[in-house]
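The following explanation is intended for a reader who meets this structure for the first time. Please keep the sequence and the three-dimensional view at hand while reading.

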Amino acid sequence: MDCLFCKIANNEIPSDKVYEDNDILAFRDIKPNAPTHILIIPKAHIASAAEITAENSGVISKIFEAAAKIAKDAGLESGFRVVTNCGESAGQSVMHLHFHLMGGRSFSWPPG
């Protein structure tokens, strides 16, 4: 498999890690859209939110538990955003499920 995020999860490509456990990895986005912009991924390959099933959904709760911890550690008490894109037309550029944790600035809705 030639998946960028699988390679990062397997330490084949370096990343600026901020959190890691047996199931998930969080690292700083190389093209941040906010002062704090961290990607949180499952280590197991799941292509997108469209592929979440009863068998693999447990990792999603772990991702959100980690997001809360990461946000607290980053000092994002005033708020933060967690978002995932599903499919190319929604802006997903790497076909490995990932969540963007962003904070440190004000956001508007809907996003552009």
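The paragraphs below treat the aromatic pairs, then the largest pocket, and finally one residue of a strand. The model is a predicted one.

A search of the whole structure finds two aromatic pairs. One of them joins F5 and F27, whose ring centres lie 5.6 Å apart. The planes of these two rings stand at 75 degrees, and because an angle over 60 degrees counts as edge-to-face, the pair of F5 and F27 is assigned to that class. The two partners come from distant parts of the chain: F5 belongs to helix α1, residues 4-9, while F27 belongs to strand β2, residues 24-28. They are 22 residues apart. Both rings belong to residues that count as buried, a term that applies under 20% relative accessible area: F5 has a relative accessibility of 5%, and F27 has one of 4%.

F64 and F99 also form an aromatic pair. Here the distance is 5.4 Å from centre to centre, with 70 degrees between the planes, and this arrangement is likewise edge-to-face. F64 is located in helix α2, residues 58-73, and F99 in strand β5, residues 99-103, so the pair ties together parts that are 35 residues apart in sequence. As for accessibility, F64 counts as partly exposed at 42%, whereas F99 is buried, with a relative accessible area of 6%.

Attention may now turn to the largest pocket. Its volume is about 560 Å³. The lining comprises 31 residues, and those nearest the centre of the pocket are D29, N33, H37, L39 and H100. Two or more lining residues come from each of α1, β2, β3 (36-42), β4 (80-83) and β5. Helix α1 makes the greatest contribution, giving three residues to the lining. By character, the lining residues divide into 14 nonpolar, 11 polar and six charged.

The last point concerns V83, which lies in strand β4. With a relative accessibility of 28%, V83 counts as partly exposed. Which residues does V83 contact, leaving aside its neighbours within four places in sequence? They are H98, F99, H100 and M102. Of these contacts, F99 has already appeared as the partner of F64 in an aromatic pair, and H100 has appeared among the residues nearest the centre of the largest pocket. V83 and M102 are 19 residues apart along the chain, and their C-alpha atoms are separated by 8.5 Å.

Definitions and conventions
Residues are numbered from 1 along each chain as its sequence is written. This is a predicted model: local features need pLDDT of at least 70, side-chain atom pairs count only at pLDDT 80 or more; totals for chains, interfaces and linings use all residues. Side-chain values use heavy atoms; hydrogens and water are left out. Rings of Phe, Tyr and Trp (its six-membered ring) pair if their centres lie within 6.5 Å; planes under 30 degrees apart count as stacked, over 60 as edge-to-face and the rest as tilted. Helices (H or I, at least four residues) and strands (E, at least two) are DSSP runs, numbered from the N terminus. Buried means under 20% relative accessible area, exposed over 50%, partly exposed in between (1.4 Å probe, protein chains only). On a 1 Å grid over the protein atoms alone, a cavity is a set of points where a 1.4 Å probe fits but cannot get out, and a pocket is an open set with protein on both sides within 12 Å along at least five of seven lines; lining residues have an atom within 4 Å of a point. Grid points are joined across faces, edges and corners, and a volume is the space filled by probe spheres set on the points. Ala, Val, Leu, Ile, Met, Phe, Trp, Tyr, Cys and Pro count as nonpolar, Asp, Glu, Lys and Arg as charged, and the others, Gly among them, as polar. Contact means heavy atoms within 4.5 Å.
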